[in-house]
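Student: I have a structure open beside its sequence, and I would like to learn how to read it feature by feature. Could we begin with the strands and then move on to the helices?

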Amino acid sequence: MDRRYVFLESKSGDKVPALITQSGNTPLHSMVDPKREAQRLVSTITDDTGFLIILGLGGGFIPDAALANTAAQVIVMDFNITELLSAIDYSKLTRNARFTLIADPSPQEIKCFIRDRYNPALCGGIKVIPLRTRTDADREKFSAAVCAIEEAIENAGADYSVQAHFGKRWFSNIVRNIKEIKAPQENIFFNEQPNEAAIAAAGPSLDLQIPALKECKSRRAFIICSDTALPVLLHHDIEPDTVVSIDCQHISYYHFMNCKMNDIPLFLDIASPPLLGSFSQSPVFFTSDHPLAQYISEYWQPLPRLDTSGGNVTYACLSLAENIGAKNIILFGADFSYIRSRTYAKGTYIYPFFEKKQNRLSPLEALSSAFLYRSPFLPREKTDPEQEYYETSQLRFYRKKLEEKAAVMEAFITFAQGKGAPINIYNEKKTGKTPKRTEQLMSGGVQNKIIDSEKFLEQYRDDIKALPDADNEDYLQKLHIKDRKIFITLLPYTAFLKHRNPALKTKDLIEDAKRLSVQEIDRVLQTTC
């Protein structure tokens, strides 16, 4: 093996690794006093909590100073460190529970590590400190690492933003919906695997596509309808085979007002507003990525699972079509853009909602305009003088996520002709294999006898109460497996609380989340007695 390092002695008597280069040996630290140099660097950190990622292990002086002078979780990432480990004793670092060494990480491993270990509400911020001499010697590898870190931080920030806004409502809705599940959900799957599925979204193009959707219905295609599009379809005498709703906000009620659902199966996210289940004789609660919903599937009642990572109901409808094994899927009203000045198809909730809300100071036109322009429009991707649609960053994100999902699906996917943002699907890459439906759409595998919903809530509440007292250290990592699974179900709630009160210390934040979640469960149990 070619040598990469020599080891020199500084004036302070510390062993300093030096890279062997064509121009000579290049020390990674000060040759006068590397410990003092590291302390000066760490003293510039204004927030002494959170994650501190150090690029380059070197002699271990920077992570040692960080552990001694901050309360941060210290993560070192480096490549080709065998010589370092054989020449320098790093046991002081490795014995510290706040220290993690990641050797030769791929970008995907870095993103997975940050995703699994970093929680903004509990951990604070992330700061990256490069050991410049080391990173300059391996620019390509460390540049890839930095890109992976930035992407992971961006994803964590986006997740935290959503959790901070909806965390309390999710928890409240879930614990209330639990009592509405009266029977096991194992037999909710549709009996036949459809050859064709049609998805009805609520974009303005749906108005023009109704005749084509009726044709799909006449040839017995399986119609999957988004909740927003439901009143449009029923107005045109198109009864969908199922309806999907994922929004936890109370405004979702308006999609179902004056709609006769009859026995149409209604797929509801377990975090949906509790009243929605009463609109259908056949409500089916499914789980997505909320940790409490996943806990329910694992320890109480296995729920159907849909992919909602695309952030919108059309994406969830596509996931349902995939799971039932549809060979051909056509999407209607999937504009992911505003066409001229219109946001939704005629007949959706937005029009009667604004009609009831308007007054002399805020007429219908002003309400519609405020809704349309609530987010800035993006520059056009292509110069097209005939383009009639406009995009926002959120709508473009939704479109890109749907394109990514469709690209890896086995089904042949097409879009009804409309005037919204073009969606790029490469069906020539499809294998032609018959898609396999996901048996029972199940996300869990509970084998024991399913207990009463109230008993489950009581047990869950008692488990929260039994969680160890919090401290300001790495609380989550100190918990045993069972307690960790319980506490993870509270993480979206902690994000909500942290957003409401940023000054809360980690210890107080955790204790508040435990106390308030127990109070919420008690309120639900009192109303069901």
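Tutor: Let us start with a sheet, bearing in mind throughout that this is a predicted model. Three strands form an open sheet in the order S1-S2-S3, and their pairing is antiparallel.

Student: Which strands stand at the edges of this sheet?

Tutor: Strand S1 (5-9) and strand S3 (24-27) do, and each has a single partner strand, so one side of each is left without a neighbour in the sheet. If direction is ignored, neighbouring strands of this sheet are turned by 40° against each other on average.

Student: How many bridges hold S1 and S2 together, and which residues can I look for?

Tutor: S1 pairs with strand S2 (residues 15-21) over five bridges in the antiparallel sense. To follow the register, find Glu9, which stands opposite Lys15 of S2, and then Phe7, whose bridge partner in S2 is Pro17. The hairpin of S1 and S2 has five residues between the strands, and in this hairpin Gly13 takes a positive phi near 90°.

Student: How many residues lie in the hairpin that joins S2 to S3?

Tutor: That hairpin joins S2 to S3 through two residues. The two strands run antiparallel and are joined by four bridges, and Ile20 has Asn25 in S3 as its bridge partner.

Student: Now the helices: how should I describe a packed pair?

Tutor: Two packed helices are described by the angle between their axes and by the distance between those axes. Here the axes of helix H1 (residues 34-42) and helix H2 (residues 61-69) come within 8 Å and cross at roughly 55°, which makes H1 oblique to H2. H1 passes H2 in a right-handed crossing.

Student: Which residues make that contact?

Tutor: From H1 the contact is made by Pro34, Lys35, Ala38, Gln39, Leu41 and Val42, and from H2 by Phe61, Ile62, Ala65, Ala66 and Asn69. Sorted by class, the contact of H1 with H2 has eight nonpolar, two polar and one charged residues.

Student: Where should I be cautious in reading the coordinates?

Tutor: Where pLDDT is low, the predicted coordinates should not be read in detail. The mean pLDDT of the protein is 89, and 92% of its residues reach 70 or more. Among the elements, strand S8 (residues 196-200) has the highest mean pLDDT (97) and helix H18 (residues 475-478) the lowest (80). Over residues 442-448 the pLDDT is below 50, although this stretch has 19 contacts in the model beyond near neighbours in sequence.

Note on methods
Residues are numbered from 1 along each chain as its sequence is written. This is a predicted model: local features need pLDDT of at least 70, side-chain atom pairs count only at pLDDT 80 or more; totals for chains, interfaces and linings use all residues. Side-chain values use heavy atoms; hydrogens and water are left out. Axes are lines fitted to C-alpha atoms, for helices over the stretch in contact, and angles run from 0 to 180 degrees between N-to-C directions. Angles under 35 degrees count as roughly parallel, over 145 as roughly antiparallel, 65 to 115 as roughly perpendicular and the rest as oblique. A crossing is left-handed if the near helix is turned anticlockwise from the far one by less than a right angle, and right-handed if clockwise. Contact means heavy atoms within 4.5 Å. Ala, Val, Leu, Ile, Met, Phe, Trp, Tyr, Cys and Pro count as nonpolar, Asp, Glu, Lys and Arg as charged, and the others, Gly among them, as polar. Two strands pair if DSSP finds at least two bridges between them. pLDDT is the predictor's confidence in each residue, from 0 to 100.
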